[in-house]
Amino acid sequence: MWEYSKKVMDHFLHPRNVGEIENADAIGEIGNIACGDALRLYLKLKDGRIVDAKFKTFGCGSAIAAASALTEMVIGKTIEDASRITNQDIANYLDGLPEAKMHCSVMGMEALEAAIANYRGVKIKPTEEGTIICKCFGVTDNIIKRVILSNHLTTIEQVTHYTKAGGGCKSCHPEIQKILDEVWAKGELVTPKVKPPKKMTNIRKIQLIQETIDREIRPVLMLDGGDVELVDIEDNTVYVSFRGSCTECPSSKVTLKSTVESKLKEFVSEDLVVEEAGL
Amino acid sequence: MKKLVYVDNNATTRVADEVLEEMLPYFTEHYGNPSSMHTFGGKLYRKIDEARAKVADLLGADHSEIIFTSCGTESDNAAVRGTLEAYPNKRHIITTRVEHPAVLSLCQYLARTGYEVTELHVDNNGLLDLEELRSSIRQDTALVSIMYANNETGVIFPIEEIGEIVKEKGITFHCDAVQAVGKLPLDMSKSTIDMLSLSGHKLHAPKGVGALYIKKGVKFKPFILGGHHENNRRAGTENVPYIVALGKACELAKKYLAEEQTRVRKLRDKLENEILFRVPNARLNGHKTFRLPNTTNISFEYVEGEAILLLLDEVGICASSGSACTSGSLEPSHVLRAMGVPFTAAHGSIRFSMSRYNTEEEMDYIAEHIPPVIRRLKEISPYAAEIEKLELARKG
């Protein structure tokens, strides 16, 4: 049985904002009955702000909970702010989802995107949709790439948990692996290397360090079952702590300098020094 | 205590009080090793043989034809692999698309390691085409492994007819009877079955014990090596308390067999009729007649199974679903898909499986709670319009 958080169960048993909006300003629809879940999201806007949201869902407990959470999250937000909501935000709002159910949060994000595109009168161009990789669930390379990046996924299994891609006949597994390799092989694919200005506010520096750790360092360590966490920053000294298999790894000292420090120097500032916390 | 209505007996059953009582002394009092050269341990051999005789009695077999295993899955693995090893030159296996994963996943694994596997199709009712079986048999077929009754739908295969076709060609016939033992009368002395798997926890013994029947004279190589136990056919120190428990459970199963066929069947029929009558767009999965007396599998169209189970759980009802979401996989039950059940129905399938511990009052309780649960989920569903159309079409 799934271990759903109290919040997931609450949103499943008492879903908020179920229904339809007559004369909705935006409707976003995603999924279909063959896939096992579907979500129709209705938005009502006033002066560029979402004043009401309603949903209808066919799906399991976490699909209903994710849709309910999404409506609560978007009401009161401007379209701009709403468009920045990620699947991780939805999962966090529900105090987490089991990994195999993360695709429910992705479905929420996609329905929201579809609704916003509908509101803006934009048709998503076929080129932006990409090419279908998983034929069983109709998942494109673009969505797979995006979800890999935004959730730091490193395995096919994770990609399946988050997007459903590869969960049917499995024949697309080699292609998913290729996308994973492409995404993680070259850091430059992740974000164009733009050197930040020398002078940074402290907050900007902390943000950049955290982003670099999340984007450039953790995915690499996770490939070997390890992980690293930012503990503290004092002037130019960054304190990190290793997790997972890194904690027992004799070469973690080398990793500290070769991976963590060099990446931070590269992406944040040449002046940074990395230390292991608590040593 | 919160109300509990347990109707998931094809998943597992409660241990019978008589079984628990019988097994307990073998943990702290009679804890010896039956292989030991002292009476304290050695006397337990007799207990194992008594249990063996009881299992054999339920199956209509000779006690020498029974070996104890750790579970149904082990029995299946031992039968399939033990047969293949006995016929190293034969590289073809026949099974069905609706087998339990204990056989199906194993066969699919074997297919990746160089064996050829034929998976027989089923029709919309979940029944086999015996002509397909006949035409699938080859010179190099080592084994035919076909289940007695399906765990998800309860559909029963015509095992003796199948066996006759298989034995005509002199091929070993294995039958996974995990769901049938204790629910249907079996008589191996008159059967075409060469090997039969059973599991303790499906018939009110604890989890962690099973048995494999191997007909005298059938070629078989042991699957687990490492000792002389079970007459050199399954190594490992005998799990005495659980073996004693399985013996007792089989004795009880024989006693209550008639009740399964009458009272339990009545409970099942009552629940099934009530649900199909009360809920629009509910449909039965599997053949109505060729079915285990305790099982019903019903699809609620346009509603998702996990959501149904979670709402039933809130009122203490324990059932199971063939929905994709309950299994952790993304596709609905392989059994329902093999039967051609449409996606609109497969995702919303619920299995209720009863036992002799269920009561009529419990059936009323379930029948009462199902309609509001389905209604509630339909109201959330974006397919409300489709549902209405369907309902109208059926009425019209």
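This report describes the overall build of chains A and B in a predicted model.

## Chain A: fold and dimensions

Chain A contains twelve helices and eight strands. Its C-alpha atoms occupy a box of roughly 60 × 45 × 40 Å along the principal axes. The radius of gyration of chain A is 21 Å, which agrees with the value near 19 Å for a compact globule of 279 residues.

Three domains are assigned in chain A: domain 1 (6-120), domain 2 (126-185) and domain 3 (202-276). Between the C-alpha centres of domain 1 of chain A and domain 3 of chain A the distance is 34 Å.

## Chain A: packing and surface

Of the 279 residues in chain A, 48% are buried. Among contacts in chain A with a separation of 6 or more, 57% are between residues 24 or more positions apart.

The accessible surface of chain A is about 13,700 Å², and carbon and sulfur atoms contribute 51% of that surface. Chain A carries 35 positive and 41 negative side chains, with the centres of the two sets 3 Å apart.

## Chain B: fold and dimensions

Chain B has 16 helices and 13 strands. For its 396 residues the globule rule gives 21 Å, and the radius of gyration of chain B is close to this at 22 Å, so chain B is as compact as a globular protein of that length. The C-alpha atoms of chain B fit a box of roughly 75 × 55 × 35 Å along the principal axes.

## Chain B: packing and surface

In chain B, 58% of the 396 residues are buried. Residues at least 24 apart make 73% of the contacts in chain B between residues at least 6 apart in sequence.

Chain B exposes an accessible surface of about 16,100 Å², with 52% belonging to carbon and sulfur atoms. Its side chains include 48 positive and 53 negative ones, and the centres of these two sets lie 2 Å apart.

Terms used. Residues numbered from 1 in each chain as written. Chains lettered and ligands numbered in written order. Predicted model: local features only at pLDDT ≥ 70, side-chain atom pairs only at ≥ 80, totals over all residues. Heavy atoms only, no water. Helix = DSSP H or I, 4+ residues; strand = E, 2+ residues; numbered from the N terminus. Rg over C-alpha atoms; globule rule 2.2 N^0.38 Å. Buried < 20%, exposed > 50% of the residue type's maximum accessible area, 1.4 Å probe, protein only. Contact = heavy atoms within 4.5 Å. Areas by Shrake-Rupley, 256 points an atom, 1.4 Å probe, with all protein chains shown as cover. Lys, Arg positive; Asp, Glu negative; His and termini not counted. Charge placed at Lys NZ, Arg CZ, Asp CG, Glu CD. Domains from an automatic or database assignment.
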